[in-house]
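Got your viewer open? Get ready to click along, one stop at a time.

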Amino acid sequence: MRILVIEDDMVLLDGLKVGLGLSGFTVDAVATVADANEALATDRFDAVVLDRMLPDGSGLDVLVQLRASGDRTPVLLLTAKDETADRIDGLDAGADDYLGKPFDLDEVAARLRAITRRAEGRARPELRCGAIQLDLAGMTARKGNDAIPLSRREFSLLQALMENPGMIHSKQALEQRLYGWQEDVESNTVEVHVHKLRAKLGAASIETVRGVGYRMGKSA
C-alpha cells in the first residue's frame, strides 16, 4: 500500500517512514503545501497522512483542494491542535480520520488500514481469493491451512492483486505500488516477485495477461 506523508518535522517524518515501512507501507514524503499539491496531482496513493500545520500554509488547504477535484483518496489528518473545534474543522473539510500529536506509530498504521478498508467497502482486515487469505494487520498469508511466508514486497504485490482480483494490473502500476520515489527499480523486479509468489502459492495463482499485466488466477 502506497502512502503519501505530508509533514515538515523531519524527525517525525523519519519516524513515520520507518514505522510505516515496517508495517508494510510504501512511503513517499513531502514537506510543503506546494509539493503536496503537485504530488497529489501527478501520482496515485492509497492514502495520505497530512499534517495540519505546514510552513507555506495549512494542510486543510491541501485537503479542500483534493476533495474539490473529486479525489476520494483516504486522508488521515495529524496535528498538535487537538481541540474539539479543530477536529470538527478537519473532518468537515474531508478528512477520513484525525489523530493528535504525539501518537503511536502502530496506531497510525491501524488507522490507515481502517480508512483504506472503509474506502474499499470492506468490513474485515483481511482479503480472500479462493484458498488464499491475507491478514492485513498481521501481514501474514495462508493458503488453506498452510501458512505462507512472504517478504514485504511479495505481500504488498499479492495484496494489490487480491484487492481487485478480476482487474488486470499493469507492471508500471504494480511498480508504483511497491516502490517509492527514491527507490531504484530494476526492469524485471515485478516479474521476479510474481515468480516467487507462484512458487509459494501455485503456478495458477497469478495469471499473466500478455502485453497488459497480471491478475489473480481463477483457480487461486
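Here is a walk through the structure, stop by stop.

**Before you click**

What you're looking at is a predicted model, where local features need pLDDT of at least 70 and side-chain atom pairs count only at pLDDT 80 or more, while totals for chains, interfaces and linings use all residues. Residues are numbered from 1 along each chain as its sequence is written, and side-chain values use heavy atoms, with hydrogens and water left out.

**Stop 1: the largest core**

Select L134, L150, L158 and M162. These have the most contacts inside the largest nonpolar core, which has 24 residues. A nonpolar core here is a set of buried Ala, Val, Leu, Ile, Met, Phe, Trp, Tyr and Cys residues joined through side-chain atoms within 4.5 Å. "Buried" means under 20% relative accessible area, "exposed" means over 50%, and "partly exposed" is in between (1.4 Å probe, protein chains only).

Now colour the pieces that feed this core. At least two residues each come from β8 (126–129), β9 (132–135), α6 (152–163), α7 (171–178), α8 (189–201) and β13 (213–216). These labels are DSSP runs numbered from the N terminus: helices are H or I with at least four residues, strands are E with at least two. Which helix gives the largest share of the core? That's α6, with six residues. As a bit of background, nonpolar side chains tend to be buried together in soluble globular proteins.

Zoom in on L150. Skipping residues up to four places away in sequence, L150 touches L134, A141, F155, L158, L197 and K200. Touching, or contact, means heavy atoms within 4.5 Å.

**Stop 2: three neighbours at the start of α6**

Stay with α6 and select R152, R153 and E154, one after another.

R152 lies in α6 and is partly exposed, at 30% relative accessibility. Look for G21, G24, F25, T26 and M139, its contacts once neighbours within four places in sequence are set aside. With F25, the C-alpha to C-alpha distance is 8.8 Å, although 127 residues separate the two in sequence.

Is R153 buried or exposed? R153 counts as buried because its relative accessibility is 17%. Show T26, L178, Y179, E183 and H193 as well: R153 touches these, not counting residues up to four places away in sequence. H193 is 40 residues from R153 in sequence, with 7.5 Å between their C-alpha atoms.

E154 is buried too, with a relative accessible area of 4%. Its side chain reaches the backbone nitrogen of S151 at 3.0 Å. Beyond four places in sequence, E154 touches P149, H193, K196, L197 and K200.

**Stop 3: a positive phi**

You met M139 as a contact of R152; select it now. M139 sits in the loop between β9 and β10 (140–143). What is its phi near? The value is near 55°, which is positive in a residue other than glycine. M139 is partly exposed, with a relative accessible area of 25%.

**Stop 4: the other core**

Apart from that first core lies another, of 20 residues, including I6, V48, L60 and L66. Next, pick L40 in helix α2 (residues 33–42). L40 is buried, at 13% relative accessible area. Leaving aside neighbours within four places in sequence, its contacts are L4, I6, F45, V48, V62, L66 and D71. L4 is 36 residues away along the chain, yet the two C-alpha atoms are separated by 8.5 Å.

**Stop 5: E7 and a cis bond**

Go to the loop between β1 (2–6) and α1, where you'll find E7. This residue is buried, with a relative accessible area of 1%. What does the side chain of E7 make a polar contact with? Its partner is the side chain of K101, at 3.2 Å. A polar contact is a pair of N or O atoms within 3.5 Å; within protein, one must be able to donate a hydrogen and the other to accept it, and residues adjacent in sequence count only if both atoms are side-chain atoms.

Now step along from K101 to P102: the peptide bond between them is cis, with omega near -5°. P102 is in the loop between β7 (97–100) and α5.

**Last stop: two helices packing**

Finish by showing G15, L16, G19 and L20 in α1, which meet L105, V108, A109 and L112 in α5.
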